[in-house]
Amino acid sequence: MEKEIHKNNKIPPNLKDYAETCKKFRWEDVKKELGLDTKGGVNIATNAIDAHADTWRRNKVALYWEGSGEERKKYTFGEMRQESNRVGNMLKSLGVNKGDRVFVFLPRIPELYISIIGIAKIGAVAGPMFSAFGPEAIRDRLKDSGAKVLITDASLRERVHQVWDELPELKTVVVTRLPETERLWKAEIHYEREIEKASYDLGVEQISLEDPLYMLYTSGTTGKPKGVVHVQNDMISHYITTKWALDLHEEDVYWCSADPGWVTGTVYGLWGPWLNGASQVVFEGRYDAERWYSVMEQYGVTVWYTAPTALRMLMKAGEEPVKRHDLSALRYICSVGEPLNPEVIRWGMDVYGLCIHDTWWQTETGSILITNYPSMPIRPGSMGKPFPGVEAAIIDAQGKELPPGSSGILAIRPGWPSMMRTLWKDEKRYKEYFQIPGWYTTGDTAHMDKDGYFWFIGRADDVIMTAGHRVGPFEVESALVEHKAVAEAGVIGKPDPERGQIIKAFLVLREGFSPSDELKDDIKEFIKHRLSAHAYPREIQFCESVPKTRSGKIMRRLLKARELGLPEGDLSTLEE
Ligand code: PRX
């Protein structure tokens with residue numbers, strides 16, 4: 001085991017004593033702290049925005065927005081209330097009712113955040129989509145969810161046009177930032193013009209804690225991405241995990257580098273910090289070491305939530321860019337999405353003078369469940385300990401809890417507030433998470449040491465985590481075989497020092513096509529545009545066949561073992 005690291009925070013942490021808090025903890029108390037009087041109904045947008053706008057925080061900045069170019073904007077809690085009210089009214093005028101799905105396909109611009117809050121205010125269900133998605137990814141999500149309205153912008157709408165014919169339930173597409181020279185198409189309307197007409201006053205829909213709030217599609221080993229449904233009740237977890245795991249205080253300026261198209265960006269780049277009344281920074285642009293540090297310097301970021309791949313890239317960029325910026329305000333760093341290497345933690349200590357705190361969770365869990373705390377020494381390489389009120393264990397296939405040191409399935413006792421409530425129109429797949437009686441199984445393997453720290457081992461299935469993004473091999477394989485040259489495809493995650501894993505595809509070509517570097521590039525471009533820029537295979541290998549079981553399932557396990565030079569294991573089901 002690595003040496004423990006304990007770096008004092010600059011201010012007293014919100015969670016002062018982990019063991020003591022665990023003993024006394026009750027979710028009911030958090031509910032009370034949030035003032036959730038359920039008799040009259042609730043709405044997360046009231047707690048995250050409007051309630052602050054009714055206090056001195058009305059003039060406190062909620063959102064500092066930095067565009068990818070020169071543009072900058074800021075919004076106070078008062079302004080966020082007004083702008084989101086207008087979105088709510090616009091959607092109502094389009095016939096959106098409680099429970100309807102409204103999807104959002106936007107870059108990280110203020111309208112993205114304001115729209116999601118406006119959607120919540122009228123009790124509709126928000127579906128954020130990552131702006132790198134191609135037409136196929138968009139089509140699958142809009143079709144499955146039966147979204148009624150989509151909010152997008154001029155730069156992305158063309159991808160929607162390509163698939164609109166296949167989406168009978170999509171009634172209206174609201175387009176922001178459309179230049180005067182461009183015309184509306186089909187049932188599109190102008191965001192700005194409609195908003196102009198909408199009132200600043202809105203009666204926020206008072207709904208039940210079990211009413212749906214948002215849905216995000218995520219990948220498993222098989223089938224298309226599944227729509228994970230989260231409810232209003234999640235706010236209990238959002239609030240308290242942000243307060244204790246991310247340690248947000250009133251005076252903090254917080255930056256989460258994730259996009260709301262992924263769960264981290266929705267929960268900790270929107271709801272969690274605003275439920276805590278914190279000011280947050282949104283940077284529209286992509287990763288760039290120099291620009292990231294300048295954003296942190298300019299806004300005086302104090303708490304930063306990011307991902308191991310980004311940290312590894314910053315490590316590669318070295319110490320020089322750090323020295324060029326004043327990062328003295330920075331006091332707390334957290335990371336999520338993939339294993340955080342001890343090497344990165346040590347580098348962070350040297351260069352930022354701060355310890356990076358790993359946090360573990362999933363789209364399905366809706367909030368951080370295992371994490372490191374400012375008041376607890378970290379063990380580099382460990383994900384930390386379960387959040388107060390959360391029971392985590394390492395179990396075997398029969399549900400028996402295993403002793404410290406044994407590896408097994410990472411499982412959680414159901415019942416924490418932000419647990420997903422269903423998979424959209426797929427109760428059968430939802431139930432698969434609960435097959436072992438008394439447990440929610442995560443799909444991860446891990447072990448726990450004798451002091452209760454959890455250590456990640458890997459995925460128990462074929463799901464690929466690349467640069468912190470979750471990708472299902474099946475989605476990529478299905479998109480690959482749509483390329484005219486590809487007859488069969490097998491896709492695996494291959495270890496990569498920077499991105500954790502990269503996507504590698506093994507391809508059998510159709511008659512009449514021969515292997516070449518040009519063909520590889522063409523296939524990569526095809527996937528980037530059709531599926532998503534984050535889900536293309538960085539490596540392609542042409543082969544005569546891909547190993548399959550007798551029932552025709554691709555044996556990715558075998559592809560992986562061969563790629564990594566590991567034992568091939570049981571081959572009894574391999575097709576001859
Ligand atoms: O395998 C685990 C990995 O990410 C998976 C969840 O992916 P997703 O639903 O996209 O959510 C990612 C961000 C919340 C997990 O099953 N994962 C997440 N956090 C960690 C991690 N792997 C190792 N260490 C972590 N801290």
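These questions and answers cover the ligand shell and the aromatic contacts of a predicted model.

Biologist: Which residues come nearest to the ligand?

Modeller: The shell around the ligand counts 17 residues. Those that come nearest are Asp358, Thr359, Thr363, Arg459 and Arg470.

Biologist: How far is the polar side-chain atom of Asp358 from a nitrogen atom of the ligand?

Modeller: A polar contact needs N or O atoms within 3.5 Å. The Asp358 side chain meets that cut-off, because its polar atom and the ligand nitrogen are separated by 2.8 Å.

Biologist: Which atom of Thr359 is 2.7 Å from a nitrogen atom of the ligand, backbone or side chain?

Modeller: Arg459 uses its side chain: an N or O atom there is 2.7 Å from a ligand oxygen. For Thr359, the partner of the ligand nitrogen is a polar atom of the backbone.

Biologist: How much of the ligand's accessible area does the protein cover?

Modeller: On its own, the ligand has 540 Å² of accessible area. The share covered by the protein is 98%.

Biologist: Which element gives the most residues to the shell around the ligand?

Modeller: Helix H10 (263–275), strand E14 (356–360) and strand E21 (454–459) each supply at least two residues. The top contribution is 3 residues, and it comes from E14.

Biologist: How many residues of the shell around the ligand are nonpolar?

Modeller: The shell is mixed in character. It has 5 charged and 5 polar residues. The nonpolar ones number 7.

Biologist: Why is the pair of Tyr64 and Tyr299 classed as it is?

Modeller: The structure holds 25 aromatic pairs. In this one, the ring centres are 5.4 Å apart and the planes meet at 50°. Planes under 30 degrees apart would be stacked, and over 60 edge-to-face. The angle fits neither class, so the pair is tilted.

Biologist: How many residues apart in sequence are the parts that Tyr64 and Tyr299 tie together?

Modeller: Tyr64 lies in strand E1 (residues 61–66). Tyr299 belongs to helix H11 (residues 289–299). The pair therefore links parts whose separation in sequence is 235 residues.

Biologist: What is the angle between the planes of Tyr433 and Tyr440?

Modeller: Both residues are buried: Tyr433 has 8% relative accessibility, and Tyr440 has 0%. Their ring centres are 5.5 Å apart. The pair is stacked, with a plane angle of 10°.

Biologist: Which ring does the charged end of Arg413 sit over?

Modeller: Arg141 places its charged end over the ring of Phe133, 4.2 Å from the centre. For Arg413 the distance to the ring centre is 3.9 Å, and the ring belongs to Trp439.

Technical notes:
Residues are numbered from 1 along each chain as its sequence is written. This is a predicted model: local features need pLDDT of at least 70, side-chain atom pairs count only at pLDDT 80 or more; totals for chains, interfaces and linings use all residues. Side-chain values use heavy atoms; hydrogens and water are left out. A residue is near a molecule or strand if one of its heavy atoms lies within 4 Å of it. A polar contact is a pair of N or O atoms within 3.5 Å; within protein, one must be able to donate a hydrogen and the other to accept it, and residues adjacent in sequence count only if both atoms are side-chain atoms. Accessible areas come from the Shrake-Rupley method with a 1.4 Å probe; for residues, only the protein chains shown count as cover. Helices (H or I, at least four residues) and strands (E, at least two) are DSSP runs, numbered from the N terminus. Ala, Val, Leu, Ile, Met, Phe, Trp, Tyr, Cys and Pro count as nonpolar, Asp, Glu, Lys and Arg as charged, and the others, Gly among them, as polar. Rings of Phe, Tyr and Trp (its six-membered ring) pair if their centres lie within 6.5 Å; planes under 30 degrees apart count as stacked, over 60 as edge-to-face and the rest as tilted. Buried means under 20% relative accessible area, exposed over 50%, partly exposed in between (1.4 Å probe, protein chains only). A charge sits over a ring if NZ of Lys or CZ of Arg is within 6 Å of the ring centre and within 35 degrees of the ring normal.
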